[in-house]
Structure formats: structure tokens, C-alpha cells
Amino acid sequence: MADRLQTPLWVFDIQHLNIVWANAAGVSLWGALLLADALRKRIKEMSFPLVGHQTISLGVAEVSPNELPCQALMRADMALFKAKANGRDRVEAAA
């Protein structure tokens, strides 16, 4: 099982407050970008009781075999700031 957990990717279901886990070996960075964009679109279509319609920006990174998960998280965070700087309501991949 340890081999399967080398490159984890966590996906959050905000509407149902669930954490859905998908292994990055099965969901490539491209797949993660598609998943993140689907989440972005779903949030944009929703209306929240206290705030109405909202948009989100997302940064996506894949954990490389030679890095710590916290390093990939920092890269994803930089991609998030890039998404915000490029106009918000978008998904950016980490370099």
C-alpha cells in the first residue's frame, strides 16, 4: 500500500463537507486540473444562503517522488496566487 501513496491528491467536497481521496497515480495532474475546474464551475453555479453566488480560484500541484508533500503544497499555493493575479475564477497548475 505504501507504493500507492507516493503521490497523494486530496479533493474536498465543499457542499457535503467530505474529503474525497484520489491517488495521483490514477489521477494525473491533467485529471486533477479537470477535477479542480469542475469544482470551480459547480461553486460558481451554486447560491449560498448568507453570501449568494461566489467564485473560487484554485492552485493544483502533483507531489513528485523527490519532494515532501508540504513542498507540493507550497507550489500549489503559488499557483493559487497566480490564478488570483490572472483574473480569479480560474485554475492554475504549479510549475
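The questions and answers below concern the salt bridges of this predicted model.

Me: Why is the pair Lys 44 and Asp 89 called a salt bridge?

Reply: The closest N and O atoms of Lys 44 and Asp 89 are 2.9 Å apart, and since the criterion asks for a Lys or Arg side-chain nitrogen within 4 Å of a carboxyl oxygen of Asp or Glu, the pair qualifies. Lys 44 belongs to helix α1 (residues 29-45), whereas Asp 89 sits in the loop between α2 (69-85) and β4 (91-93), so the salt bridge ties together parts that are 45 residues apart in sequence.

Me: What makes Lys 44 partly exposed?

Reply: Its relative accessibility is 43%, and because the partly exposed class lies between under 20% for buried and over 50% for exposed, Lys 44 is placed there.

Me: How do you know that Glu 92 and Lys 82 form a salt bridge?

Reply: The closest N and O atoms of this pair are 3.8 Å apart, which is within the 4 Å cut-off, and therefore the pair counts as a salt bridge. Glu 92 lies in strand β4 and Lys 82 in helix α2, so parts that are ten residues apart in sequence are tied together by this pair.

Me: Why is Glu 92 called buried, and what is Lys 82 called?

Reply: Glu 92 has a relative accessibility of 10%, and because buried means under 20%, the word applies to Glu 92. Lys 82, at 42% relative accessibility, counts as partly exposed.

Me: Which other salt bridge does Glu 92 make?

Reply: The side chains of Glu 92 and Arg 90 meet in a salt bridge with an N to O distance of 2.9 Å, and Arg 90 counts as partly exposed at 31% relative accessibility.

Me: What makes the contact between the side chains of Arg 40 and Asp 89 a polar contact?

Reply: The two side chains make this contact at 3.0 Å, and because the limit for a pair of N or O atoms is 3.5 Å, the distance satisfies that part of the criterion. Arg 40 is found in helix α1 and is buried, with a relative accessible area of 11%.

Me: Which residues are linked with Arg 40 in a network of salt bridges?

Reply: Asp 37, Lys 41, Lys 44 and Asp 89 are linked with Arg 40 in that network, and the structure holds seven salt bridges.

Note on methods:
Residues numbered from 1 in each chain as written. Predicted model: local features only at pLDDT ≥ 70, side-chain atom pairs only at ≥ 80, totals over all residues. Heavy atoms only, no water. Helix = DSSP H or I, 4+ residues; strand = E, 2+ residues; numbered from the N terminus. Buried < 20%, exposed > 50% of the residue type's maximum accessible area, 1.4 Å probe, protein only. Polar contact = N/O pair within 3.5 Å; in protein donor to acceptor, adjacent residues only side chain to side chain.
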